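Grab a pencil and work through these exercises one at a time. Try each task yourself before you read its solution.

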Amino acid sequence: MKRVSVRRSPIHGKGVFALCPLSRGERVFEYRGLVTSWQEASRHYARRDEENHTFLFGLSDGRVIDGGRGGNGARWLNHACTANCEAVEEGGRVYIEAIRNIAPGEELFIDYALEVPSKTKSLSEYVCRCGTRRCRGTMLGRAWRDRVRAIDRSA
Ligand SMILES: [Zn+2]
């Protein structure tokens, strides 16, 4: 039985929504896509003249899963600073799991904690508009946020 569907999101573009109750700890689906290097993915999207890096999911070994190529509905997961799902890496694959009980109709979110290539110039490209109470104002992960801030300060 299908547990989630993709449709328009009030937050941003398309989103993923629960069709049935999901339990805390439940594995919802896999984040599928082409496994490649950051470099190759950057080249691929540079040629297309679009910055679609939010389809790229960083793996711990430095490679990325490109949900924009061979991906499934998981690539439409939106970011929220207080997320109800998390990404779990296991054997070079990434699974999306619920971190609390989710009711039918709720949108699923993960905290992107974005990793961005070194050419990043400004925090403003990664502004978060999730609207949750504890919104930290950016989709970047802590390490990258500090690094970008450091770059901004030295500029
Ligand atoms: Zn936020």
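## Exercise 1: The zinc site

In sequence, the residues that donate to the zinc ion follow the spacing C-x46-C-x1-C-x4-C. Keep in mind that you're working with a predicted model.

**Task.** Find which residues are the protein donors of the zinc ion, and work out the geometry of the site.

**Solution.**

Step 1. Start with the names: the protein donors are Cys81, Cys128, Cys130 and Cys135, each through its SG atom. They lie 2.3 to 2.4 Å from the zinc ion.

Step 2. Now for the angles. Among the four donor atoms they run from 101 to 114°. Four donors count as tetrahedral if all angles lie between 85 and 135 degrees, so the site of the zinc ion is tetrahedral. For reference, the ideal angle for four tetrahedral donors is 109.5 degrees.

Step 3. Next, check the record. UniProt, in an unreviewed entry, places the feature "domain: Post-SET" at residues 124-140. Over residues 124-140 the chain is 0% helix and 0% strand, and the C-alpha atoms at the two ends are 11 Å apart.

Step 4. Finish with accessibility. Buried means under 20% relative accessible area. Cys130 has 9%, so Cys130 is buried. Cys135, at 30%, counts as partly exposed.

## Exercise 2: The surroundings of Glu30

**Task.** Decide whether Glu30 is buried or exposed, then find which residues Glu30 is in contact with, leaving aside its neighbours within four places in sequence.

**Solution.**

Step 1. Place the residue: Glu30 sits in strand 3, which covers residues 27-30.

Step 2. Look at the relative accessible area of Glu30. The value is 13%, so Glu30 is buried.

Step 3. List the contacts. With those sequence neighbours set aside, Glu30 touches Asn72, Ala74, Arg93, Val94 and Tyr95.

Step 4. Zoom in on one of these partners. The side chain of Glu30 makes a polar contact with the side chain of Arg93, at 2.9 Å.

Step 5. Try a C-alpha distance too. Glu30 and Glu89 are 59 residues apart along the chain, and their C-alpha atoms are separated by 9.8 Å.

## Exercise 3: Following the salt bridges

**Task.** Find how many salt bridges the whole structure has, and work out which residues are joined with Arg27 into one network.

**Solution.**

Step 1. Recall the idea: side chains of opposite charge can pair when their charged atoms come close. A search of the whole structure turns up 10 salt bridges.

Step 2. Take Arg27 and Glu90. Their side chains meet in a salt bridge of 2.9 Å, N to O. Arg27 lies in strand 3 and Glu90 in strand 8 (residues 85-90), so this pair ties together parts that are 63 residues apart in sequence. Arg27 is partly exposed at 31%, and Glu90 is partly exposed at 42%.

Step 3. Go back to Arg27 and look for another partner. Glu97 forms a salt bridge with Arg27, with the closest N and O atoms 3.0 Å apart. This pair links distant parts of the chain: Glu97 is in strand 9 (residues 93-98) and Arg27 in strand 3, 70 residues apart. Glu97 is buried, with a relative accessible area of 14%.

Step 4. Compare with another pair. Arg69 and Glu40 meet in a salt bridge through their side chains (3.0 Å, N to O). Arg69 lies in the loop between strand 6 (63-66) and strand 7 (78-79) and Glu40 in helix 1 (residues 38-47), so the pair ties together parts 29 residues apart in sequence.

Step 5. Put the network together: salt bridges that share partners join Arg27, Glu90 and Glu97.

Key. Residues numbered from 1 in each chain as written. Predicted model: local features only at pLDDT ≥ 70, side-chain atom pairs only at ≥ 80, totals over all residues. Heavy atoms only, no water. UniProt positions renumbered as here; feature names shortened; annotations may be inferred. Helix = DSSP H or I, 4+ residues; strand = E, 2+ residues; numbered from the N terminus. Donors = N, O, S within 2.8 Å, 3.2 Å for Na, K, Ca; no water. Tetrahedral: all angles 85-135°; square planar, octahedral: opposite > 155°, others 65-115°. Buried < 20%, exposed > 50% of the residue type's maximum accessible area, 1.4 Å probe, protein only. Contact = heavy atoms within 4.5 Å. Polar contact = N/O pair within 3.5 Å; in protein donor to acceptor, adjacent residues only side chain to side chain. Salt bridge = Lys/Arg side-chain N within 4 Å of Asp/Glu carboxyl O.
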